[in-house]
Amino acid sequence: LRELEHAMTQNPATDNPNAEPAVEEATAQSPEDIIQANFARIEAERDDLKDKLLRTLADMENLRRRTEREIADAKAYAVTSFARDMLGVADNLRRALESLPETARMTEEPALKGLIEGVDLTERDLLKTLERHGVRKIDPLGEKFDPNLHQAMFEAPDAEIAKGLVSKVVQSGYKIGERVLRPALVGVSAGAPKPQAAEGGDSTPTTH
């Protein structure tokens, strides 16, 4: 009985040096390390989503502005083709008025006077109607020549107008919005004529 009790009280782990330990050493990360790793991962995902959101918002804002600009352009330039066709009517009315002699304008004959006033009124109403739709007349007499608005037909000396300025408007131009509907056909001043050299050769006296 004593031998049996002695055998039961023996600790195999301490008596046997080759026995495995009862508790294995911890090899996994600590809870604090796991929390820190998850927190860093969540922060990276948050920053990535924030960046994508900002990019999306910027793209949407650019799209909104581009759409608004396209709608505004469509409204402003919708009548471009019609306005260009109406320029021929305006040109014919202007030619009719310019072809009248001064005596005809001063006539007291009711029929002729009414006709002239009717043509003049029609031209003014047509130009006002075009202006309501964004079409403005370009009449650059005396202004600096601008190749974006004017088309030079000739260049000639002009003592009264400085060089580079429009000295004559052959045909008026028109703009629609900020675009040129038709450039003005103009003549450009080359400045005052150059003085001619004295005839008869050199008049400087010679000395002997």
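# Chat about a predicted chain

Visitor: Which residues have pLDDT that stays under 50?
Guide: That's residues 21–26. The model has zero contacts for them beyond four places in sequence. pLDDT is the predictor's confidence in each residue, from 0 to 100, and contact means heavy atoms within 4.5 Å. Where pLDDT is low, the predicted coordinates should not be read in detail.

Visitor: Ok, ground rules before we go on?
Guide: This is a predicted model, so local features need pLDDT of at least 70 and side-chain atom pairs count only at pLDDT 80 or more, while totals for chains, interfaces and linings use all residues. Residues are numbered from 1 along each chain as its sequence is written, and side-chain values use heavy atoms, with hydrogens and water left out.

Visitor: What pLDDT does the protein chain average?
Guide: The average is 82, and 80% of the residues score at least 70.

Visitor: How many helices and strands are there?
Guide: Six helices and six strands. Both are DSSP runs numbered from the N terminus: H or I with at least four residues for helices, E with at least two for strands. Along the sequence the pattern reads α-α-α-α-α-α-β-β-β-β-β-β.

Visitor: What share of the residues counts as buried?
Guide: 18% of the 208 residues. Buried means under 20% relative accessible area, exposed over 50%, and partly exposed in between, with a 1.4 Å probe and protein chains only. As for contacts between residues at least 6 apart in sequence, 65% of them join residues at least 24 apart.

Visitor: Let's look at H4. What should its 19 residues span?
Guide: Helix H4 (residues 80–98) should span 27 Å at 1.5 Å a residue, and its end C-alpha atoms are 27 Å apart, which agrees. The expected span is 1.5 Å times one less than the number of residues.

Visitor: Which H4 residues are buried, and what covers them?
Guide: Thr80, Ala83, Leu87, Ala90, Asp91, Leu93 and Leu97 are buried. The cover includes helix H5 (102–105), helix H6 (110–132), strand S1 (135–138), strand S3 (166–171), strand S4 (173–176) and strand S5 (179–182).

Visitor: An aspartate in there! What does aspartate 91 touch?
Guide: Leaving out residues up to four places away in sequence, aspartate 91 touches Gln171 and Arg182. Aspartate 91 counts as buried because its relative accessibility is 11%.

Visitor: How many salt bridges does the count come to?
Guide: 10 salt bridges, each being a side-chain nitrogen of Lys or Arg within 4 Å of a carboxyl oxygen of Asp or Glu. One of them joins glutamate 123 and arginine 94, with the closest N and O atoms 2.5 Å apart. Glutamate 123 is in helix H6 and arginine 94 in helix H4, so the pair ties together parts 29 residues apart in sequence. Glutamate 123 counts as buried at 5% relative accessibility, while arginine 94 is partly exposed at 29%. Salt bridges that share partners also join Glu61, Arg64, Arg65 and Glu68 into one network.

Visitor: And where do aspartate 48 and lysine 52 lie?
Guide: Both are in helix H3 (residues 31–76), four residues apart, or about one turn of the helix. They form a salt bridge, the closest N and O atoms being 3.4 Å apart. Aspartate 48 is partly exposed at 36% relative accessible area, and so is lysine 52 at 48%. Arginine 46 and aspartate 47 also meet in a salt bridge, at 3.0 Å, N to O.

Visitor: Switching to rings. How many aromatic pairs does the structure hold?
Guide: Zero. Rings of Phe, Tyr and Trp (its six-membered ring) pair if their centres lie within 6.5 Å; planes under 30 degrees apart count as stacked, over 60 as edge-to-face and the rest as tilted.

Visitor: What lies over the face of tyrosine 77, then?
Guide: Arginine 179, at 3.7 Å from the ring centre. A charge sits over a ring if NZ of Lys or CZ of Arg is within 6 Å of the ring centre and within 35 degrees of the ring normal.

Visitor: Last one: is glycine 187 buried or exposed?
Guide: Glycine 187 is buried, with a relative accessible area of 0%. Glycine 187 lies in strand S6 (residues 184–189). Not counting residues up to four places away in sequence, it touches Phe154, Leu165, Val166, Ser167 and Lys168.
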